[in-house]
Amino acid sequence: MRSFSGAVAQAVAAGCPSPGTMYYKFSGFTQKLVGTWASDAYIPQGLKPVASTEAPPIIFATPTKLTSSSSMYNYAGKNRVPELQKFFQKSDGVPIHLKRGLPDQMLYRTTMALTVGGTIYCLIALYMASQPKNK
């Protein structure tokens, strides 16, 4: 373990302005803290502030040519979002999670049955765990 005077000597040797103001950074080579300048101590692990504010050069200066004559892409077929928005926003008194009819009803009822069944199972398991075993 080094003494305080050894740390001050190292800081002065590293170029710190005065022994009372010491700055340290982590050395990736020695895996230890070493004395350094204030500017190096506040910039972590070699990350330097951006010196240039001009835009980087354009890699592809010429525009690319489209493979098809059409500029509109047809990836998933027809856009059904507006139709579905009208369908789900229709005010007919049916909850949103049941708007599509029988499949939604079956999914809802199955979810509710599993929830109630799981709750009952947990309560039974807690009751059985709370009872002492008879010897």
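The accessible surface of the protein chain comes to about 12,400 Å², and carbon and sulfur atoms contribute 65% of that area. The model described here is a predicted one. Of the 135 residues in the chain, 8% count as buried. Contacts across long stretches of sequence can be described in a similar way: among contacts with a separation of 6 or more, 4% join residues that are 24 or more positions apart.

The chain holds four helices and two strands. A reader following the sequence from its start meets these elements in the pattern α-β-β-α-α-α. The two strands are therefore neighbours in this order, with one helix before them and three helices after them.

The strands offer a good place to begin a closer look. Strand β1 covers residues 23-26 and strand β2 covers residues 33-36, and the two pair in the antiparallel sense over four bridges. Within this pairing, Phe26 stands opposite Leu33 of β2. Six residues lie between the strands of the hairpin, and Gln31 takes a positive phi near 60 degrees there.

Further along the chain, attention turns to Lys99, a residue of the loop between α3 (81-89) and α4. Is Lys99 buried or exposed? With a relative accessible area of 11%, Lys99 is buried, because this value falls under the 20% cut-off. Its surroundings can be traced residue by residue. The side chain of Lys99 reaches the backbone oxygen of Lys90 at 2.6 Å. A polar contact at 2.8 Å also links the side chain of Lys99 with the side chain of Asp92. Leaving aside residues up to four places away in sequence, Lys99 touches Phe87, Phe88, Lys90, Asp92, Val94 and Asp104. Lys90 and Asp92, the partners just described, thus appear in this list of neighbours as well.

The final helix brings the description back to the surface. Helix α4 spans residues 102-130, and Ile120 lies in it. Which residues make the nonpolar surface patch of about 530 Å²? The patch is made by Val116, Ile120, Ile124, Tyr127 and Met128. Ile120 itself has a relative accessible area of 45% and is partly exposed. This value qualifies Ile120 for the patch on the count of accessibility, because patch residues need over 30% relative accessible area. Lys99 and Ile120 thus illustrate two settings in the model: Lys99 is buried, whereas Ile120 is partly exposed.

Terms used. Residues are numbered from 1 along each chain as its sequence is written. This is a predicted model: local features need pLDDT of at least 70, side-chain atom pairs count only at pLDDT 80 or more; totals for chains, interfaces and linings use all residues. Side-chain values use heavy atoms; hydrogens and water are left out. Patches are made of residues with over 30% relative accessible area and no salt bridge: like charges are joined within 9 Å, nonpolar side chains (Val, Leu, Ile, Met, Phe, Trp, Tyr) within 5 Å. Accessible areas come from the Shrake-Rupley method with a 1.4 Å probe; for residues, only the protein chains shown count as cover. A salt bridge is a side-chain nitrogen of Lys or Arg within 4 Å of a carboxyl oxygen of Asp or Glu. Buried means under 20% relative accessible area, exposed over 50%, partly exposed in between (1.4 Å probe, protein chains only). Contact means heavy atoms within 4.5 Å. A polar contact is a pair of N or O atoms within 3.5 Å; within protein, one must be able to donate a hydrogen and the other to accept it, and residues adjacent in sequence count only if both atoms are side-chain atoms. Two strands pair if DSSP finds at least two bridges between them.
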